[in-house]
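Work through the exercises below with the sequence and the 3D view at hand. Try each task before reading its solution.

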Amino acid sequence: MQTVRLLRWHATDEAKHIGANLTDAMFKGIYHGKTCHPGDLSSVLKRSFNSGLEKLIITGGDLKESEKALSLCYLDERLYCTVGCHPTRCLEFETFPSSHSSESYYHNLLALAKLGIQQGKVVACGECGLDYSDRLRFCPKQVQMKYFEKQVELAGELSLPLFLHCRNSFNDFFEILNRNRDLIIGGVVHSFDGSLEEALRFVESGFFIGINGCSLKTVANLEVARAIPAEHLLLETGSSVYYGCWYSYYLPMLKDSPWCEIRPSHSSYALVKTRTSNTEKRDKRRWSEDCQVKSRNEPCNIVQVLEVIADLKNVDPVELSETIYENTETLFFRKKKQ
């Protein structure tokens with residue numbers, strides 16, 4: 001069996017996951033407000049690290065979730081996190097309990113991020129961006145735009161890369177990034193499901209593209225993923241643990257989360273070679289500590305995303321994983337490419 005540095009085939013292999021939703025209640029055994037099994041985050045982490053992941057980035061979806069993400073980082077030296085507010089939650093800036101709510105929310109994010117940076121745990125600002133899909137009922141466009149730009153300023157003040165979310169909003173999203181270009185040191189557009197034209201615009205501007213199961217649903221998605229240069233790719237699982245917090249990615253430590261697995265209905269499913277990651281999956285009502293939970297993705301499954309991308313590009317997965325590893329180090333841990 002060949003060694004894959006980033007992903008999983010040997011427990012001694014090194015890999016990074018950028019989008020992990022480890023703060024999700026599912027990892028406490030709670031689904032839709034109902035407790036179905038004991039909390040099993042320790043088992044999820046054990047499977048992740050035994051699968052070869054070297055680091056996980058937990059994604060922060062708002063101030064409270066970012067605080068939880070940072071707290072989780074103290075469980076293991078291999079855990080890192082982001083600090084920020086998801087576009088659908090940006091009304092929190094204006095409803096924060098303070099006479100100057102938006103300024104207070106911003107300064108609380110700033111203080112939290114500074115603390116995490118001092119402790120070597122906070123590696124990006126986000127998840128932030130714009131979402132004009134079916135979630136506008138949670139937060140209007142103008143509010144999203146205002147506080148996305150505010151978080152770009154936050155990243156600039158902290159000299160942190162951006163962990164980005166873009167759904168059906170490319171024009172406004174790209175305009176905000178473009179006019180604040182001097183503040184941006186880098187970033188990844190996570191869980192990308194846009195067009196090839198959009199992907200290449202991001203690449204030309206120096207951004208990385210995060211790919212997970214939600215990025216690989218259709219034939220059109222696969223063609224986009226095939227065309228993205230490996231030097232601009234990061235991988236995610238969308239598990240509640242992302243080389244991050246809402247998502248799971250090899251940088252992928254990233255977030256949209258425990259639901260972004262590659263499913264049998266996806267066009268990418270036929271390209272997956274590793275159907276299970278060392279353990280079977282069980283329904284949450286038949287939970288076992290040694291098994292994954294059906295329909296709840298975990299970081300250890302990142303190998304499946306790697307297999308799909310390697311097949312699409314007709315390249316050696318070991319070599320591809322090395323490239324993605326270096327991409328992750330470059331963006332989040334400031335390692336200069338050789």
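The exercises that follow go from the whole chain to single strands, a helix and chosen residues.

This is a predicted model, in which local features need pLDDT of at least 70 and side-chain atom pairs count only at pLDDT 80 or more, while totals for chains, interfaces and linings use all residues. Residues are numbered from 1 along each chain as its sequence is written, and side-chain values use heavy atoms, with hydrogens and water left out.

**Exercise 1. The whole protein**

Task: Find how many helices and strands the protein has, and what percentage of its residues count as buried.

Solution: Begin with the secondary structure, where helices (H or I, at least four residues) and strands (E, at least two) are DSSP runs numbered from the N terminus; the protein has ten helices and 13 strands. Next take burial, where buried means under 20% relative accessible area, exposed over 50% and partly exposed in between, with a 1.4 Å probe and protein chains only; of the 338 residues, 61% count as buried. Finally turn to contacts, meaning heavy atoms within 4.5 Å: among those between residues at least 6 apart in sequence, 72% join residues at least 24 apart.

**Exercise 2. Strands E4, E5 and E6**

Task: Work out which residues of E4 point each way, and in which sense E4 and E5 pair.

Solution: In a regular strand the side chains alternate between the two faces of the sheet. In strand E4 (residues 55–58), Lys 55 and Ile 57 point one way and Leu 56 and Ile 58 the other, and all of them are buried. Strand E5 (residues 79–83) is likewise covered on both faces, with Leu 79, Cys 81 and Val 83 buried on one side and Tyr 80 and Thr 82 buried on the other.

For the pairing, two strands pair if DSSP finds at least two bridges between them. E4 and E5 pair in the parallel sense over three bridges; the partner of Leu 56 in E5 is Leu 79, and that of Ile 57 is Tyr 80. E5 also pairs with E6, again in the parallel sense and over three bridges, and here Val 83 stands opposite Cys 125 in E6.

As a last step, follow the chain from E4 through helix H2 (residues 63–73) to E5: together they make a right-handed β-α-β unit, right-handed meaning that, with the strands pointing away from the viewer, the path from the first strand over the helix to the second runs clockwise.

**Exercise 3. One face of helix H6**

Task: Say which residues of H6 are buried, and what covers them.

Solution: The buried residues of H6 (residues 170–179) are Phe 170, Phe 173, Phe 174, Ile 176 and Leu 177. Seen down the helix axis, they fall within an arc of 160° (taken from the directions from the axis to the C-beta atoms), so they line one face of the helix. Their cover includes strand E6 (122–131), helix H5 (141–158), strand E7 (162–167) and helix H7 (196–204).

**Exercise 4. The nonpolar cores**

Task: Find which residues have the most contacts inside the largest nonpolar core.

Solution: A nonpolar core is a set of buried Ala, Val, Leu, Ile, Met, Phe, Trp, Tyr and Cys residues joined through side-chain atoms within 4.5 Å. The largest has 77 residues, and those with the most contacts inside it are Leu 177, Phe 202 and Ile 309. H5 gives the most to this core, with eight residues. Apart from it lies another core, of eleven residues, among them Ile 57, Tyr 80, Val 123 and Ala 124.

**Exercise 5. Two polar side chains**

Task: Decide whether Thr 88 is buried or exposed, and which side chain it joins in a polar contact.

Solution: Thr 88 lies in the loop between E5 and helix H3 (92–95), and it counts as buried because its relative accessibility is 12%. A polar contact is a pair of N or O atoms within 3.5 Å; within protein, one must be able to donate a hydrogen and the other to accept it, and residues adjacent in sequence count only if both atoms are side-chain atoms. One of 2.8 Å joins the side chains of Thr 88 and His 86.

For comparison, Glu 149 lies in helix H5 and counts as buried at 17% relative accessibility. The side chain of Glu 149 makes a polar contact of 2.8 Å with the side chain of Asn 180.
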